[in-house]
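Colleague: Could you take me on a close look at a single part of this model? I'd love one connected account, working outward from a side chain to whatever surrounds it.

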Amino acid sequence: MSYSLQMYCRMVLHRVGCHLLKKTHNALGPPIRRGGAVYSGACGFREEEIREKLQAFPGGSINLVKQESGIALMTINNPARMNAFTGTMMLELQDRVSQLEEWTEGKGLIVHGAAGTFCSGSDLNAVRAISNPQDGMKMCMFMQNVLTRLLRLPLISVALVEGRALGGGSELTTACDFRLMTEGSEIQFVHKHMGLVPGWGGAARLVRIVGSQNALKLLAGARKVDTDYGERIGLSDGTVTLQSAESTALGEAEKWVSAFTKGPAPVIRAVKKVVLSGRELPLEDALRTEKDVFGTVWGGPANLEALARKPKHK
Ligand SMILES: CCCC(=O)SCCNC(=O)CCNC(=O)[C@H](O)C(C)(C)COP(=O)(O)OP(=O)(O)OC[C@H]1O[C@@H](n2cnc3c(N)ncnc32)[C@H](O)[C@@H]1OP(=O)(O)O
């Protein structure tokens with residue numbers, strides 16, 4: 001088959017694939033606001049199909065430790081590939097998020113990478129293998145579901161960025177409430193250089209974090225965000241510096257987040273829920289959610305105990 005005919009067939013296939021997926025996408029209906037995922041089986045998103053495909057790309061792991069302190073540690077663990085996400089790591093991330101959704105004593109979460117670097121995005125070997133529009137869109141919807149659920153956990157979450165956070169790795173940082181960066185680390189949305197835009201929900205979340213102008217600079221310019229620039233535009237919530245020879249970036253990040261997770265789990269979880277609804281819902285829906293959440297803590301054990309203590313907030 002001649003080259004031009006080959007290119008023509010690929011273009012037609014691409015067009016047909018995009019058209020079919022557009023029809024699927026429109027059938028998915030509006031995003032589900034509370035908890036849960038964005039795309040569901042009810043609107044034709046067949047998760048089993050993409051799970052099977054992702055299963056074919058093994059390697060690495062997503063480790064989770066739920067600590068007594070109520071702060072969980074999630075490790076993106078594929079150091080031989082700069083913690084790139086293989087297919088099975090995407091599936092494991094979904095499993096870890098499900099575990100965290102069931103963890104009723106949870107108050108905080110730190111997401112970090114193994115071996116001193118954060119995550120270099122999708123595993124390029126997997127990307128090459130599922131580069132047709134149909135599979136790409138399904139992987140995109142799968143990861144948008146998982147990262148939306150991660151962001152909506154009733155835990156205060158921090159992405160600890162050491163080394164590099166690239167592509168999907170930079171998108172993962174935006175699926176946490178906060179980002180802390182170590183000296184010399186960089187967040188870079190390299191998608192443009194890959195002929196892509198974010199697909200794991202990173203663009204939608206980035207605009208809400210840094211505003212549309214800064215988001216445009218980071219995406220259209222694929223700009224490297226270091227600690228100073230990150231703090232200046234609000235992408236980074238702080239630079240982690242080691243306080244002693246024994247201290248570690250993870251230890252410093254735990255200290256940082258503990259300032260916000262001190263107190264009874266039901267209260268900390270209620271705080272995240274009311275902020276989440278304020279961030280995501282139209283005002284009157286957010287007010288109704290706040291009322292409902294308020295009802296779960298008013299007159300609760302922590303409230304009654306505080307009243308008995310007659311606290312003075314000096
Ligand atoms: C919707 C999501 C879209 C995406 O995420 S697309 C993927 C975007 N990510 C990338 O393009 C990152 C590609 N990698 C790089 O730029 C560099 O590896 C990086 C991270 C700057 C590190 O550079 P160096 O310090 O020089 O280390 P290196 O290149 O020798 O990497 C060490 C080994 O890790 C591998 N690696 C790094 N990133 C990977 C990735 N994303 N997928 C698959 N393998 C990856 C790299 O191939 C190398 O392996 P090997 O030692 O050559 O076998």
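Modeller: Happy to! Leaving aside neighbours within four places in sequence, K272 is in contact (heavy atoms within 4.5 Å) with L151, L153, P154, L155, S157, D177 and R279. Before going on, please keep in mind that this is a predicted model, in which local features need pLDDT of at least 70 and side-chain atom pairs count only at pLDDT 80 or more, while totals for chains, interfaces and linings use all residues. Residues are numbered from 1 along each chain as its sequence is written, and side-chain values use heavy atoms, with hydrogens and water left out.

K272 belongs to helix α11, residues 265-280; helices (H or I, at least four residues) and strands (E, at least two) are DSSP runs numbered from the N terminus. K272 counts as buried because its relative accessible area is 5%, and buried means under 20% with a 1.4 Å probe and protein chains only.

One of the K272 contacts, S157, takes us into β4. In this strand six of six residues are buried. I156, V158 and L160 lie on one side, with S157, A159 and V161 on the other, so both faces are covered. V161, in β4 (residues 156-161), is buried because its relative accessibility is 0%. Setting aside residues up to four places away in sequence, V161 touches F118, T173, L180, M181, T182, S185, E186 and I187. For a sense of scale, 19 Å separates the C-alpha atoms of V161 and N214, which are 53 residues apart along the chain.

Now to the partners of β4. Strands pair if DSSP finds at least two bridges between them. β3 and β4 do so in the parallel sense over five bridges, and V111 stands opposite A159. β4 also runs parallel to β6 (residues 178-182), joined to β6 by four bridges; here L160 is opposite L180.

Stepping back, β4 sits in an open, mixed sheet of six strands ordered β1-β2-β3-β4-β6-β9. β1 (61-66) and β9 (239-240) are the edge strands, each pairing on one side only. Helix α3 (residues 87-102) packs on the sheet and touches β1, β2 and β3 (108-113). The direction of α3 makes about 15° with that of β1, using lines fitted to C-alpha atoms, for helices over the stretch in contact, and angles from 0 to 180 degrees between N-to-C directions. β1 runs antiparallel to β2 (residues 71-77), with six bridges between them, and N63 has T75 as its bridge partner. Four residues lie between these two strands in their hairpin, where G70 takes a positive phi near 90°.

For the wider setting, the protein has 13 helices and nine strands, and 46% of its 314 residues are buried. Of the contacts with a separation of 6 or more, 70% are between residues 24 or more positions apart.

Methods: Buried means under 20% relative accessible area, exposed over 50%, partly exposed in between (1.4 Å probe, protein chains only).
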